[in-house]
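The following questions and answers examine how descriptive terms are justified for a protein chain. Please study the sequence and the structure before reading on.

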Amino acid sequence: MLAIEKIRKITPENLPPLTILTGDDLGQFELLKDEFLKQIHYDPADLNVMLFDMKETPYPDVELDLVSLPFFADEKIIILDHFADLTTAKKRYLSDEELKSFEQYLENPSSTTKLIIFAEGKLDSKRRLVKMLKRDGQIFEAAEIKEADLRQYFAKQAQLEGLDFAPKAFDHLLIKSGFHFSEISKNLAFLKSYKESGQVSLEDIAEAIPKTLQDNIFDLTQLILQKQIDAARSLVRDLTLQGEDEIKLIAIMLGQFRMFTQVKILADNGRSESQIVSDLSDYLGRKINPFQVKFALKDARGLSLSFLKRTLTCLIETDYQIKSGLYDKDYLFDLALLRIATETF
């Protein structure tokens with residue numbers, strides 16, 4: 001069961017004494033957090049519920065409320081928001097003494113206080129404090145979701161919203177959303193507002209869901225690889241009229257072609273798709289979306305490594321020439337696209 005499905009079973013009556021909401025999928029984390037607050041009927045005006053922002057609140061104020069008795073009911077709820085000290089983030093808001101004091105509270109918590117902790121990011125499992133939370137609390141984690149679970153959940157959500165997807169349309173929604181939980185949720189809401197019920201077509205998705213800059217650069221890259229120069233120039237003109245700068249477009253294209261090159265090299269060395277995800281995550285020092293690798297492998301399959309290397313060199317040189325003021329940036333960018341499309345490096 002997904003974290004959001006578990007959260008929807010929470011009520012003010014069955015709320016555990018200690019609850020921790022965490023996870024490094026920040027988009028999904030914010031959705032889970034909003035849903036959790038909705039489930040417990042959080043109201044800032046409710047004097048029996050206190051929310052402390054741990055980035056700003058002095059810990060002695062928090063501790064005083066943790067141990068004090070409720071005034072208006074048998075129990076009260078304390079919410080500690082942005083508790084970064086529990087995660088692997090380098091930012092710290094509490095001193096070692098204050099964290100030790102919080103540990104002591106957890107060893108002997110108040111029976112009249114229900115504690116909720118929101119800690120976006122990855123919990124630091126090496127800390128004794130985190131081990132105590134995992135031992136005693138109920139944890140909801142905004143973690144990476146398997147594709148099958150993602151499909152099943154959002155197919156059910158679409159059905160509840162009265163939306164029926166035409167063949168390939170649901171896949172297109174997932175791909176367009178990058179298989180990110182929060183993006184799919186947001187785009188499903190766009191579709192619902194655009195079309196209250198009935199079958200959703202590919203055209204509906206194109207009309208209802210705004211294109212991101214990443215979408216447009218992906219389209220631009222595909223047009224260049226398919227040698228559709230006029231269409232590529234038209235798209236660039238539209239983007240620059242919208243205020244996008246050629247240097248920014250080059251940076252995103254570099255990211256795409258760099259990913260093509262990396263997965264190509266690893267695949268040619270016999271690495272499986274899952275191994276490529278792991279290798280790139282280790283190399284780049286951040287978690288790589290498996291679906292990003294999946295589609296990069298598909299797009300890079302028909303491209304030679306020498307072409308990819310020359311393309312990267314061309315884009316880097318163009319970026320340097322634009323920043324050096326060699327010629328007009330629109331001319332240099334147009335020339336780079338032409339060179340890539342015609343492979344005249």
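A residue is called buried when its relative accessible area is under 20%, and exposed when that area is over 50%; values in between count as partly exposed. The model discussed here is predicted.

Q: What makes strand E4 largely enclosed by the rest of the structure?
A: Strand E4 covers residues 113-120, and 7 of its 8 residues are buried. Buried means under 20% relative accessible area. The strand is therefore described as largely enclosed by the rest of the structure.

Q: How do you know that E1 and E4 pair?
A: Two strands pair if at least two bridges are found between them. Strand E1 (residues 18-23) and E4 have 6 bridges, in the parallel sense, so they satisfy this condition. Gly23 stands opposite Glu120 in E4.

Q: Which sense describes the pairing of E3 and E4?
A: Strand E3 (residues 76-81) pairs with E4 in the parallel sense, over 5 bridges. Lys76 has Thr113 in E4 as its bridge partner. With helix H4 (residues 96-107), E3 and E4 make a right-handed β-α-β unit.

Q: Why is Leu338 called partly exposed?
A: The relative accessible area of Leu338 is 32%. Partly exposed covers the values between the limits of 20% and 50%, so the term applies to Leu338. This residue lies in helix H16 (residues 329-342).

Q: Which residues form a nonpolar patch on the surface with Leu338?
A: Leu326, Tyr327, Tyr331 and Leu335 form the patch together with Leu338, and the accessible area of the five residues is about 480 Å² together.

How values were computed
Residues numbered from 1 in each chain as written. Predicted model: local features only at pLDDT ≥ 70, side-chain atom pairs only at ≥ 80, totals over all residues. Heavy atoms only, no water. Patch = residues over 30% accessible without salt bridge, like charges linked within 9 Å, V, L, I, M, F, W, Y side chains within 5 Å. Areas by Shrake-Rupley, 256 points an atom, 1.4 Å probe, with all protein chains shown as cover. Salt bridge = Lys/Arg side-chain N within 4 Å of Asp/Glu carboxyl O. Helix = DSSP H or I, 4+ residues; strand = E, 2+ residues; numbered from the N terminus. Buried < 20%, exposed > 50% of the residue type's maximum accessible area, 1.4 Å probe, protein only. Right-handed = clockwise from strand over helix to strand, strands pointing away.
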